[in-house]
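Colleague: I should like to go through the terms used for this model and to hear the grounds for each of them. Please begin with the charged pairs.

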Amino acid sequence: MSHSDFIRQLPRDHHAQDIQRNIFQRLRLDLTLLVLLLTLTGFGLVILYSASGESAAMVARQARYLLIGYIVMFAVAQVNVESLKRLAPIAYVAGIGLLLGVAFFGDGAKGAQRWLSIGGFRFQPSEVLKLVLPMTLAWYYAMRPLPPRFSAVMSGLVILLVPAFLIARQPDLGTAIIIASSGIFVLFLAGIGWHIIAAGFALLGAAAWPIWEFVLHDYQRGRILTMLNPERDKLGAGWNIIQSQTAIGSGGVDGKGWLQGTQSHLDFLPESHTDFIVAVLAEEFGLRGVLALVLVYLLLILRGSWIAVHAKHSFGRLLAGSITLTFFVYVFVNMGMVSGLLPVVGVPLPLVSQGGTSLVTLMIGFGILMSIRADERFIHQ
């Protein structure tokens with residue numbers, strides 16, 4: 001191609017790019033988020049195939065959930081922010097009703113009662129609250145002057161503590177922590193004073209011993225003690241952490257290669273396809289693979305933060321910020337517990353671990369981010 005032909009081609013290329021951008025704008029999809037999500041979930045299927053013992057059935061089931069998740073994400077992105085805002089308080093009341101239904105009529109397994117069956121469909125209502133709670137708090141504070149007054153902060157804490165308490169009683173401490181974090185992030189982003197934050201930390205510190213003695217179950221206390229010293233029960237509570245750390249360390253920088261991990265394939269590593277899947281990644285792809293995964297997570301978090309910062313209304317800013325920071329907590333808690341830096345609380349690695357309800361819930365969250373981004377874009381046009 002001659003130089004003149006190249007120059008004539010430039011406007012066409014730019015025009016094609018503009019058409020592509022306009023298509024995604026009309027579909028209310030954020031192209032950056034979509035590409036990052038496709039990259040992460042595609043890589044997740046590759047890791048899951050190895051972590052599940054080369055189970056094509058499990059990968060196919062995960063792919064079906066991903067397809068449902070992407071469809072729901074697209075549907076949620078079509079809903080404008082004002083409709084989400086109006087829906088928030090209704091969804092909160094319904095969510096509390098579902099949690100009460102779990103307490104009285106829920107299905108139990110392994111000493112926990114977390115599931116609810118309605119019309120033959122079995123799901124975890126606590127997953128719904130991961131989005132409903134920050135939506136409700138964002139709706140509550142968007143209607144009030146910011147930063148909020150002390151009375152508004154106390155009211156917000158009540159809204160937060162009710163679902164967190166009901167979920168902790170199931171018992172499901174990991175999900176209760178995630179949900180409480182999502183609400184606390186809304187409070188923080190609303191601009192509560194540092195003196196309130198300091199008082200909250202002081203109160204939490206003062207409550208540490210009563211919580212340890214009277215609130216935590218024996219197995220939860222055991223998890224904390226195991227985190228501090230996994231060797232105290234090598235063949236019991238400490239087994240998961242010891243095997244996870246062994247898998248991570250044996251992978252080195254480059255890893256052993258895909259499908260070549262010994263800890264998971266020889267069944268030394270329990271829950272390798274769910275909570276401890278990052279240990280499989282570290283063993284087979286090494287430090288490079290872990291850093292690549294962390295980079296994709298970081299880019300997702302940065303994009304969500306960018307959407308939150310550029311949202312034009314308080315509701316969108318608070319909700320987008322909370323969803324993004326809660327996603328960060330997901331990643332941080334899972335990687336922290338797998339590496340032995342945090343207690344094992346049963347938090348899966350987002351969009352990579354095998355899962356159904358939790359995966360779809362995360363995709364709904366990204367659909368909300370796309371909706372906020374789309375509405376912000378149309379405000380400028």
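Modeller: A salt bridge requires a side-chain nitrogen of Lys or Arg within 4 Å of a carboxyl oxygen of Asp or Glu. Please bear in mind that the model is a predicted one.

Colleague: What makes the contact of Glu127 and Lys130 a salt bridge?

Modeller: Their side chains meet at 3.0 Å, N to O, and the limit is 4 Å, so the pair qualifies. Both residues belong to helix H5, which covers residues 125–142, and they are 3 residues apart, about one turn of the helix. Glu127 and Lys130 are both buried.

Colleague: Why is the pair Arg288 and Asp254 said to tie parts of the chain together?

Modeller: The side chains of Arg288 and Asp254 form a salt bridge at 2.7 Å, N to O. Arg288 is in helix H13 and Asp254 in the loop between H11 and H12, so the bridge ties together parts that are 34 residues apart in sequence. Both Arg288 and Asp254 are exposed.

Colleague: How many salt bridges does the structure hold, and which residues do shared partners join into one network?

Modeller: The structure holds 6 salt bridges. Asp30, Arg303 and Arg373 are joined into one network by salt bridges that share partners.

Colleague: How do you know that Asp30 and Arg303 meet in a salt bridge, and where do the two residues lie?

Modeller: The N to O distance between their side chains is 2.7 Å, and the cut-off is 4 Å, so the term applies. Asp30 lies in the loop between helix H1 (3–26) and helix H2 (31–51), whereas Arg303 lies in helix H13, so the pair ties together parts 273 residues apart in sequence.

Colleague: Why is each of these two residues assigned to its class, buried or exposed?

Modeller: Buried means under 20% relative accessible area. Asp30 has 2%, so Asp30 is buried. Arg303 has 17%, so Arg303 is buried as well.

Colleague: By the relative accessible area, is Ile90 buried or exposed?

Modeller: Ile90, in helix H4 (residues 81–105), has a relative accessible area of 59%. Exposed means over 50%, so Ile90 is exposed. Ile90 and Ile178 are 88 residues apart in sequence and 21 Å apart in space, C-alpha to C-alpha.

Colleague: Which residues make the nonpolar surface patch, and which helix gives the most to the patch?

Modeller: Phe201, Leu204, Trp209, Ile211, Phe214 and Val215 make a patch of about 700 Å². Helix H8 (194–206) and helix H9 (208–215) each supply at least two of its residues, and H9 gives the most, with 4 residues.

Colleague: What makes Trp209 count as exposed?

Modeller: Trp209, found in helix H9, has 53% relative accessibility and so counts as exposed; the class begins over 50%.

Colleague: How does the reach of helix H11 stand against the expected span?

Modeller: Helix H11 (residues 239–251) has 13 residues and reaches 19 Å from its first C-alpha to its last, close to the 18 Å expected at 1.5 Å a residue. Just after H11, Gly252 takes a positive phi of about 60°.

Colleague: Which residues of H11 are buried, and which helices do they pack against?

Modeller: Ile241, Ile242, Gln243, Ser244, Ala247 and Gly251 are the buried residues of H11. They pack against helix H12 (262–265), helix H13 (277–310) and helix H14 (314–338).

Terms used. Residues are numbered from 1 along each chain as its sequence is written. This is a predicted model: local features need pLDDT of at least 70, side-chain atom pairs count only at pLDDT 80 or more; totals for chains, interfaces and linings use all residues. Side-chain values use heavy atoms; hydrogens and water are left out. The expected span of a helix is 1.5 Å times one less than its number of residues. Buried means under 20% relative accessible area, exposed over 50%, partly exposed in between (1.4 Å probe, protein chains only). Contact means heavy atoms within 4.5 Å. Patches are made of residues with over 30% relative accessible area and no salt bridge: like charges are joined within 9 Å, nonpolar side chains (Val, Leu, Ile, Met, Phe, Trp, Tyr) within 5 Å. Accessible areas come from the Shrake-Rupley method with a 1.4 Å probe; for residues, only the protein chains shown count as cover.
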